[in-house]
Amino acid sequence: MPEMAGIGVAHACADRQTRSARGAAARNAAVIQAGLARIVEDEILPRLTLAHQADPPSRASTTRSPMPDRVAALARALMAGDSHGAWVRAILEEGLSLDALLLDLFAPAARYLGALWEDDAADFLDVAVALGRLQNLTRALCADLEGVDVTANGRRVLLMPCPGEAHLFSLALVASFFREAGWHVVLTDGADEDPASLVRAERFDLVGISLSCDVLLPVMAESVAKLRAASCNRDLRVIVGGPLFVREPACASFVGADAVAADAQSAVKIAEAALAR
């Protein structure tokens with residue numbers, strides 16, 4: 001009987017662990033879906049609106065939405081590594097407006113990928129790689145929006161996620177705003193090159209670091225201190241961004257940052273203000 005009781009307890013523990021793991025996966029999937037959709041809807045679309053005000057779309061442009069089968073096809077192509085870039089540009093050539101592409105194709109594709117993961121129809125690696133490809137595709141399209149005649153202002157910014165995070169999607173958009181303002185931008189995930197070595201070897205006016213979860217807050221504080229100590233610029237400024245800092249701005253002081261950027265659009269102005277102090 002004690003043995004049977006022990007087996008029952010073990011099964012109960014295993015069930016709890018399984019439910020906990022599934023719950024964590026579902027929460028992570030929801031974060032990815034909501035986060036990518038929010039980035040497209042709150043950051044890319046307003047930027048496209050401003051771009052259209054300066055340069056109205058041609059008559060050939062249309063606001064028709066991609067069909068659901070195209071959303072699924074894009075998600076599958078991103079996972080398979082097919083030539084999705086040429087495929088997307090072909091859709092643009094059909095007359096689909098860029099804002100409709102980003103809002104009605106990219107955001108639903110991100111949600112579709114998250115749903116595949118949540119439903120165990122795709123594993124974490126496949127989804128992560130697909131989202132990385134979506135990020136690169138978005139970065140390329142954002143680059144198309146950037147003015148080719150932007151005058152360089154001589155300032156340099158290093159953008160990176162907090163060590164332990166690998167998502168560069170939102171940072172790619174932040175980089176686009178900085179480039180439009182004339183900054184020289186270096187974007188790194190910290191995997192292939194040590195950010196401390198970069199700021200030691202090259203002069204940067206600013207470092208921008210993103211963080212999505214409070215678990216890595218101590219890691220970020222250590223990283224900021226390390227970057228300041230290594231920098232060849234004694235007046236290096238550091239700004240931070242991410243949902244945590246929007247909710248709890250005081251966390252910026254904890255990690256040793258100079259300012260918080262609530263979104264990509266405000267990041268440049270906040271950086272300029274930090275440098276003026």
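## Strand S3 and its surroundings

Helix H8 (residues 217-230) lies across S1, S3 and strand S4 (237-241), and its direction makes an angle of about 165° with that of S3. The model described here is a predicted one. Its protein chain has eleven helices and five strands, and buried residues make up 43% of the 277 residues in this chain. Among the contacts with a separation of 6 or more, 76% are between residues 24 or more positions apart.

The sheet that H8 crosses can be taken next. Five strands form an open sheet in the order S2-S1-S3-S4-S5, with parallel pairing. Strand S2 (184-187) and strand S5 (259-261) are the edge strands, each of them pairing on one side only, and neighbouring strands of this sheet are turned by 25° against each other on average, with direction ignored.

Strand S1 (residues 156-161) and strand S3 (residues 206-210) run parallel and are joined by five bridges, while S3 and S4 also pair in the parallel sense, over five bridges. From S3 the chain crosses through H8 to S4, and this β-α-β crossover is right-handed. The table lists residues that face each other across these strands.

| Residue | Residue opposite | Strand of the residue opposite |
|---|---|---|
| Leucine 158 | Valine 207 | S3 |
| Methionine 160 | Isoleucine 209 | S3 |
| Glycine 208 | Isoleucine 239 | S4 |

How far is S3 enclosed by the rest of the structure? Five of the five residues of S3 are buried, so this strand is largely enclosed by the rest of the structure. Both faces of S3 are covered, with Leu206, Gly208 and Ser210 buried on one side and Val207 and Ile209 buried on the other.

Isoleucine 239, which lies in strand S4, gives a view of the same region from the neighbouring strand. Because its relative accessibility is 5%, and buried means under 20%, isoleucine 239 counts as buried. The C-alpha atoms of isoleucine 239 and glycine 208 are separated by 4.9 Å, although the two residues are 31 residues apart along the chain. Leaving aside its neighbours within four places in sequence, isoleucine 239 is in contact with Phe178, Leu206, Val207, Gly208, Ile209, Ala259, Ala261, Ala267, Ile270 and Ala271.

Two of these contact partners, Ala267 and Ala271, are also among the buried residues of helix H11 (residues 264-276), which include Ala264, Ser266, Val268 and Ala274 as well. The N-terminal end of H11 is capped by aspartate 263, a side-chain oxygen of which lies 2.8 Å from the backbone nitrogen of serine 266.

The largest nonpolar core has 27 residues, of which Val207, Ile209, Met220 and Phe245 touch the most other members. The elements that give two or more residues to this core are S1, helix H7 (195-201), S3, H8, S4, helix H9 (243-247) and helix H10 (251-255), and the largest share, six residues, comes from H8. Phenylalanine 245, not counting residues up to four places away in sequence, touches Leu211, Leu217, Met220, Val240, Cys251, Ala252, Val255 and Val260. A second, separate core of 25 residues includes Met79, Ala100, Leu102 and Ala109.

Terms used. Residues numbered from 1 in each chain as written. Predicted model: local features only at pLDDT ≥ 70, side-chain atom pairs only at ≥ 80, totals over all residues. Heavy atoms only, no water. Pairing = 2+ DSSP bridges. Helix = DSSP H or I, 4+ residues; strand = E, 2+ residues; numbered from the N terminus. Axes fitted to C-alpha atoms, helices over the stretch in contact; angles between N-to-C directions. Contact = heavy atoms within 4.5 Å. Buried < 20%, exposed > 50% of the residue type's maximum accessible area, 1.4 Å probe, protein only. Polar contact = N/O pair within 3.5 Å; in protein donor to acceptor, adjacent residues only side chain to side chain. Right-handed = clockwise from strand over helix to strand, strands pointing away. Core = buried A, V, L, I, M, F, W, Y, C linked by side-chain atoms within 4.5 Å.
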